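Welcome, and thanks for taking a look at this one with us. Please keep the viewer open while you read, and follow the points below at your own pace.

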Amino acid sequence: MTKITKYLLLAALFCLAVVCYYVGNVIGAIAFIALGLLLEIALWVGIFQSSKKHISKNLK
């Protein structure tokens with residue numbers, strides 16, 4: 001997966017998380033808030049996972 005593809009996917013995750021939080025707060029649906037939380041977790045895992053790989057490549 002290229003870097004640009006990964007960054008586009010992370011941006012999409014962020015946008016979807018924000019939309020889910022918004023919809024969940026407007027209509028009071030816990031499912032949308034939970035989905036937003038899961039998407040946000042996936043975003044942060046993706047960000048930190050890429051930085052760990054980058055650090056380990058620089059050490060070699």
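What percentage of the 60 residues of the protein chain count as buried? The answer is 15%, and please keep in mind that the model is predicted. The chain is built with 2 helices and 0 strands. Its exposed area comes to about 4900 Å², with carbon and sulfur atoms supplying 76% of that.

**Helix α1 and what follows**

- Helix α1 covers residues 3-27 and contains 25 residues.
- From first C-alpha to last, α1 reaches 36 Å, which is close to the 36 Å expected at 1.5 Å a residue.
- The buried residues in α1 are L10, A17, C20 and G24.
- As a general point on spacing, an α-helix has 3.6 residues a turn, so residues three or four places apart point the same way.
- Just after α1 comes G28, and its phi is positive, near 75°.

**The two cysteines C15 and C20**

- C20 has a relative accessibility of 8%, and it counts as buried because that value is under the 20% cut-off.
- C15 has a relative accessible area of 47%; it is partly exposed because this lies between the 20% and 50% limits.
- How many disulfides does a search of the whole structure find? The search returns 0.

**The nonpolar surface patch**

- Y22, V26, I27, F32 and L35 make up a nonpolar patch on the surface, and together they have about 520 Å² of accessible area.
- Two elements, α1 (3-27) and α2 (30-59), each give two or more residues to this patch.
- Which element provides the largest share of the nonpolar patch? That is α1, with 3 residues.
- I27, one of the patch residues, is placed in helix α1.
- Is I27 buried or exposed? I27 is exposed, because its relative accessible area of 57% is over the 50% cut-off.

**A31 in helix α2**

- A31 has its place in helix α2, the element that spans residues 30-59.
- With 60% relative accessibility, A31 counts as exposed, because exposed means over 50%.
- A31 and C20 are 11 residues apart along the chain, and their C-alpha atoms are separated by 8.8 Å.
- This pair brings together an exposed residue, A31, and a buried one, C20.

Note on methods
Residues numbered from 1 in each chain as written. Predicted model: local features only at pLDDT ≥ 70, side-chain atom pairs only at ≥ 80, totals over all residues. Heavy atoms only, no water. Disulfide = S-S within 2.5 Å. Buried < 20%, exposed > 50% of the residue type's maximum accessible area, 1.4 Å probe, protein only. Helix = DSSP H or I, 4+ residues; strand = E, 2+ residues; numbered from the N terminus. Areas by Shrake-Rupley, 256 points an atom, 1.4 Å probe, with all protein chains shown as cover. Patch = residues over 30% accessible without salt bridge, like charges linked within 9 Å, V, L, I, M, F, W, Y side chains within 5 Å. Salt bridge = Lys/Arg side-chain N within 4 Å of Asp/Glu carboxyl O. Expected span 1.5 Å × (residues − 1).
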